[in-house]
Amino acid sequence: MELRAPKGTADMLPETARAWERLQAAAAALFERYGYEPIYTPLFEHTELFARGIGEATDIVGKEMYTFDDRSGRSITLRPEGTAGVVRAAIEHALVPQGSVAKLYYAGPMFRYERPQKGRMRQFWQIGVELLGAAEPSADAEAVALLVRYFESVGLPRERMRLLVNSMGDERCRPAYRDAVAAHIRANADGLCEECRRRADTNPLRAFDCKNERCQAVMADAPRITDALCDECREHYEAVKRRLDALGIAYEEAPRLVRGLDYYTRTVFEVQAEGLGAQNAIGGGGRYDGLFATLGGARTPGLGFALGFERTLLALQAAGVEPGTSHGVAAYVAAVDESCRAAAFALAMALRDAGVAAELDHRARSLKAQFKHADKLGARVVVVLGPDELAAGQATVRDMETKEERKVALADVPSRVAALIG
Ligand code: HAM
């Protein structure tokens, strides 16, 4: 039987792989300008990290984790997201001593056992940042601005993005709000799906995320968190919005935006893009001032975001933006006949050693076929090696743009090609 990649996974073929690398490089360049440094954490962690960090009553922990016992019997889970691992590492390596700030970014695969559909995969790729140690609203505004700037920097027009913001309150005001939402669910139980009814006892705020239209209608009338914030949380939220206003970053307040992870406190945000259908959230994040303590560390504020590669790519495609640059061959070395192949091979190697992206044909194909291949690769220069030229210690260098040809001594070919490609 022919084996295929598991459902919900995809091979990143060269064009997509190139787009991923381009989006990662763009992220690294931009994030470094904002003071972020790279971090890599394991693709799998102890299951309790996610259970505690993300929350037992979330969909992610309840039904989407890839969990298995390793050979020693410990329960291991493939990471469904990056924040819990980064915070675990920050605690383990004391990356955020009292009073200091750490800014970290990462990119890599995440795993969630979800029902696959357009923009929703079981293995998907995220780029994310975590800003640890800063409680001030300017940190929230900087992270929100960075997410928007990132999408702009890779070519997604601002008008194709919606930026949603909300505040989730904190451990002072949220419990009472949760109770109010639970009461709303119980009072309207008849109009809700079974799962939402159950949520009144487990995790009432998750009912805001239910896809069922009847549930959405009921939850539209639920109490709003923004009416239930304590003074400190309200002031924090107002200050974040003031900073965004001052930066000229347009946003919509979304009082029902709760996001699917339980660690959030105060600011949450999401960027949605046009042309994606149901899975239109290309990136999102928020503040998590309780997460360090939940994971056994000293109380440390934190916030961050992650964006999904597949959805970003879909959003760019829907906007008509080409995210992957083409294969970067600058010079193609063509051999006129068999007697020139060894010299062509040596010349291609010399070009590469000189820093020029060069290609040649390893099969014994005709000169015409080689020119076609060069054309397909978009080579800017073709270097032709024939028996006569070779006898004279030369090659013909053809500029494919101007069609100009020149005979050049073999030793001078790399510098001539470098000059042509600028
Ligand atoms: P999240 O909203 O669960 O947040 O995921 C962030 C992004 O990952 C989403 O906006 C989406 O683009 C992408 N994504 C999520 N699930 C899938 C999937 N099944 N298939 C394809 N793409 C997906 C987090 O993961 C948080 N850790 C973000 C964060 C960082 N909050 C604070 N710091």
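Q: Which residues of helix 4 are buried?
A: In this predicted model, the buried residues of helix 4 are Thr83, Ala84, Gly85, Val86, Val87, Arg88, Ala89 and Ala90. Buried means under 20% relative accessible area. Helix 4 spans residues 83-92, and 8 of its 10 residues are buried. That makes the helix mostly covered.

Q: What covers the buried residues of helix 4?
A: Look for elements in contact with them. The cover includes strand 2 (44-46), helix 2 (47-54), strand 5 (102-111), strand 6 (123-132) and helix 10 (291-294). Just after helix 4, Ala94 has a positive phi of about 50°.

Q: Is Leu147 buried or exposed?
A: Leu147 is buried, because its relative accessible area is 0%. Leu147 sits in helix 5 (residues 137-153). Leaving aside residues up to four places away in sequence, Leu147 touches Phe269, Val271, Gly283, Gly284, Phe305 and Leu307.

Q: Which residues are closest to the ligand?
A: Start with the shell of residues around the ligand. The shell has 27 residues, and the closest are Glu81, Glu114, Glu130, Arg259 and Tyr264. By class, 11 are nonpolar, 9 polar and 7 charged. Strand 10 gives the largest share of the shell, 6 residues.

Q: Where are N or O atoms of the protein paired with the ligand?
A: Check side chains, then the backbone. A side-chain N or O atom of Glu130 is 2.8 Å from a nitrogen atom of the ligand. A side-chain N or O atom of Arg259 is 2.8 Å from an oxygen atom of the ligand. At Ala281, a backbone N or O atom lies 2.9 Å from a ligand oxygen atom. On its own the ligand has 660 Å² of accessible area, and the protein covers 96% of it.

Methods: Residues are numbered from 1 along each chain as its sequence is written. This is a predicted model: local features need pLDDT of at least 70, side-chain atom pairs count only at pLDDT 80 or more; totals for chains, interfaces and linings use all residues. Side-chain values use heavy atoms; hydrogens and water are left out. Buried means under 20% relative accessible area, exposed over 50%, partly exposed in between (1.4 Å probe, protein chains only). Helices (H or I, at least four residues) and strands (E, at least two) are DSSP runs, numbered from the N terminus. Contact means heavy atoms within 4.5 Å. A residue is near a molecule or strand if one of its heavy atoms lies within 4 Å of it. A polar contact is a pair of N or O atoms within 3.5 Å; within protein, one must be able to donate a hydrogen and the other to accept it, and residues adjacent in sequence count only if both atoms are side-chain atoms. Accessible areas come from the Shrake-Rupley method with a 1.4 Å probe; for residues, only the protein chains shown count as cover. Ala, Val, Leu, Ile, Met, Phe, Trp, Tyr, Cys and Pro count as nonpolar, Asp, Glu, Lys and Arg as charged, and the others, Gly among them, as polar.
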